[in-house]
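Visitor: I'd like to know what stands behind the labels people put on a model like this. Can we go through them one by one?

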Amino acid sequence: MSSKFLFHCKVVFLILFLLTSKHSEAQEAVTISDQIDQHIFSFKQIEMLHDPENKLSFEQIHSKAYDKNFVASKRSTPQTIQLNSPYWFRIKIKHNSKAEKYFLLEFFDQTLDHVTAYIPQQDGSYKIREFGDRFNFEERRLQHKNFEFYLSNNSDEVQTYYFKIQSSQIGDAIIVLRSVDWFISYAVDEYFYFGIFYGMILVFSFYNLIMFIAMRQKQYLYYVLYNLSVGFFEMSTDGIAYQYLWPNHPVWNQTAYAFSLYAVSIFALLFTRELLFVKSKAPKLNQLILIVIAIRTIWFLYCLAFNQNLFNYKFIDAIPLAVAFFTGIYIYKQGYLPARFFVLGYSFLFAGFLLKFLIMLGFDTLNFGVISYYSLSFCFILEMVFLSFAIGDKVSILKKKKDKVQRQMIRQMALNAKLKDSLNEELESQVQERTREVFHKSLIIEAKNGELQKANDLLKQQAEEISRMNTLLEQDNQELQTNVEKVTRDRVMSADVDFEEFSKIYPDKESCNLFLSELKWKDGYTCRKCKNDHYYNGHIAYSRRCSKCSYEESVTTYTIFHNTRIPIVKAFYMIFLIFSSKGKISSHKLAEILGIRQSTCWTYGSRIKQVMEERKTQLKKANKNGWSLLVLD
């Protein structure tokens, strides 16, 4: 019985030992070695304790009573989730006095506001060091964007380091053990790549600024401001701006990123409107963009005035970028080719935002090192390149249109030159012939006496009279030709003529559009949106585009021909037939004359008769061309 009892006691003791050893697993210590260039502390090597009321002192934290309160982080990167609330972290390092290299500890997140480091000494005491971006940059021992301090490696003991972190932003407790040699090499490489990144932003911005100065197109200016905003945002979050731009202004450093992020959203939307002609191609999306700009501005001012902690919700700016992205997709589906590079660039940007957002939500498998940490910067570079392609594509399309017009002008000039040469040759032959005649006459005149001289003078007078008569005849011929055209037009406008004769006056769509253009804007052009009186030729023939607000009005807009599916020549003739018959012609007769379905003639004819009834008073006072009063809405 005693042996069985002892056996059962041993089994129970073993089970209890295994269970207690599993739950009381000691914190893993990181060993210093010359073979280690750098070591990033994993979440199993960092233990943390939240002090929400900020009542715990270091003596309490360091005591055995609180030793079990520290727990290993469950995230790949421990974070200070609650803003402005203190978190305690501790790590263990096994020193190695035989190591020949010098080592330091680095905090990779340069946005931490206040870090109090408790550094163990050989006599068991702790040395206190304070750092963070609330202190002037010049107070740092190492003039680097991150926070570092040297380690004293004169013993072989395992020592525990404590850190108290408070930050107004969500901070990452990324602690890295580096050798000094490796740190120098890494820092030089990092700043070199930063130089390439920000240099690309400056080069793209300077180039587009020159394009804006040369071409005076707002898309280039908005693109420059967007790029610079992206650059300032990246510099604010990387710590480069604090190091080089405002090292003695820690208060401004707390909110600088919010200003640049606001500028990124606003100028991204403005650039989208200008590059993709959103105002004319998608008016509803244009209104949405203006609404988002207004809401984003109100949100920014509210955060700035009442609660600056709200600036930490950076992913709110995904909404303006999503609107710009959707606008690009919509415009691209409408057939506007430059939007393809725009959509591609924003696809990379959204991929970077999505990766950052998923990491923030706790998808630790996506946090795979430097690439994921700088993923948004990489995506900004790709977006910047593809947006430049989009601008270049737009310029290329405009250049092709310009070249086409120039080629047409060159062909016309060549025809004019050829016609000029033929006229010159004909004139030269006539001059030579006339010269020979004059030469012969001069011989005859020399042989004759004074009587023949008088006859010659009389002939000259007759020649001058004939010349004047020829001039008068030419003028009469021109007037006669004009009168014939006028009589023909008056006949068409006042008599019952067939479609073939009517088509001689308005033979095709271009002549009809020319008539509408002269009728609509006979008193001058005025923009219906902003009342501006200056315009450019639009994309469609005879249309006019406002030089101020870019509103484009086609020749059929605000006329009775707007949105009609009937060929415009037949629509002209239908109006003329209804007007000349005073609205008494039937839809069946119109269908027979025009070769159009009766239902279509009835629908469009009813509309014309309604306009006639509304303008009955004006038509009574009109002349024989009064049918044109039915054209304009």
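Guide: Let's start with residue classes: Ala, Val, Leu, Ile, Met, Phe, Trp, Tyr, Cys and Pro count as nonpolar, Asp, Glu, Lys and Arg as charged, and the others, Gly among them, as polar. Keep in mind that this is a predicted model.

Visitor: What makes the lining of the second largest cavity 8 nonpolar, no polar and 3 charged?

Guide: Set the names against the classes. The lining residues are Tyr-257, Ala-258, Leu-261, Arg-296, Trp-299, Leu-310, Phe-311, Tyr-313, Lys-314, Ile-316 and Asp-317. Arg, Lys and Asp belong to the charged class, so Arg-296, Lys-314 and Asp-317 are charged. The tally is 8 nonpolar, no polar and 3 charged residues. This cavity has a volume of about 70 Å³.

Visitor: Which elements give two or more residues to that lining?

Guide: Helix 6 and helix 8 (283-305) do, and helix 6 gives the most, with 3 residues.

Visitor: Why is a space like that called a cavity and not a pocket?

Guide: The name applies because a 1.4 Å probe fits there but cannot get out, whereas a pocket is an open set. Searching the whole structure turns up 3 cavities of 30 Å³ or more.

Visitor: How many residues line the largest cavity, and which are closest to its centre?

Guide: The lining has 13 residues, and Gln-110, Thr-111, Asp-133, Ser-236 and Asn-253 are the closest to the centre. The space in this cavity is about 110 Å³. By class, its lining has 2 nonpolar, 8 polar and 3 charged residues. Helix 4 (218-238) and helix 6 (250-275) each supply at least two of the lining residues, with helix 6 holding the largest share at 3 residues.

Visitor: Now a residue. Why is Lys-101 called partly exposed?

Guide: Its relative accessibility is 24%. Buried would need under 20% and exposed over 50%, so Lys-101 falls in between and counts as partly exposed. Lys-101 sits in the loop between strand 6 (87-94) and strand 7 (103-107).

Visitor: Which residues is Lys-101 in contact with, leaving aside its neighbours within four places in sequence?

Guide: Asp-34, Ile-36, Asp-37 and Ser-179. The contact label rests on heavy atoms within 4.5 Å. For Asp-34 there's also a C-alpha separation from Lys-101 of 6.1 Å, although the two are 67 residues apart along the chain.

Visitor: What makes a group of residues a nonpolar core?

Guide: The members must be buried, come from a set list of nonpolar types, and be joined through side-chain atoms within 4.5 Å. The largest such core has 39 residues, and Leu-516, Phe-561, Phe-572, Met-574, Tyr-604, Ile-608 and Leu-630 touch the most other members. Helix 15 (509-520), helix 16 (568-580), helix 17 (587-594) and helix 18 (598-614) each give two or more residues to it; helix 16 gives the most, with 11.

Visitor: What is Met-574 in contact with, beyond its neighbours within four places in sequence?

Guide: Ile-566, Leu-590, Leu-594, Cys-601, Tyr-604, Gly-605 and Ile-608. There's also a second, separate core of 30 residues, including Ile-266, Leu-276, Ala-282 and Phe-311.

Visitor: And for the whole protein, how many of the residues are buried?

Guide: Buried residues make up 40% of the 633, and that label means under 20% relative accessible area. The protein exposes about 37,800 Å², of which carbon and sulfur atoms supply 59%.

Key
Residues are numbered from 1 along each chain as its sequence is written. This is a predicted model: local features need pLDDT of at least 70, side-chain atom pairs count only at pLDDT 80 or more; totals for chains, interfaces and linings use all residues. Side-chain values use heavy atoms; hydrogens and water are left out. On a 1 Å grid over the protein atoms alone, a cavity is a set of points where a 1.4 Å probe fits but cannot get out, and a pocket is an open set with protein on both sides within 12 Å along at least five of seven lines; lining residues have an atom within 4 Å of a point. Grid points are joined across faces, edges and corners, and a volume is the space filled by probe spheres set on the points. Helices (H or I, at least four residues) and strands (E, at least two) are DSSP runs, numbered from the N terminus. Buried means under 20% relative accessible area, exposed over 50%, partly exposed in between (1.4 Å probe, protein chains only). Accessible areas come from the Shrake-Rupley method with a 1.4 Å probe; for residues, only the protein chains shown count as cover.
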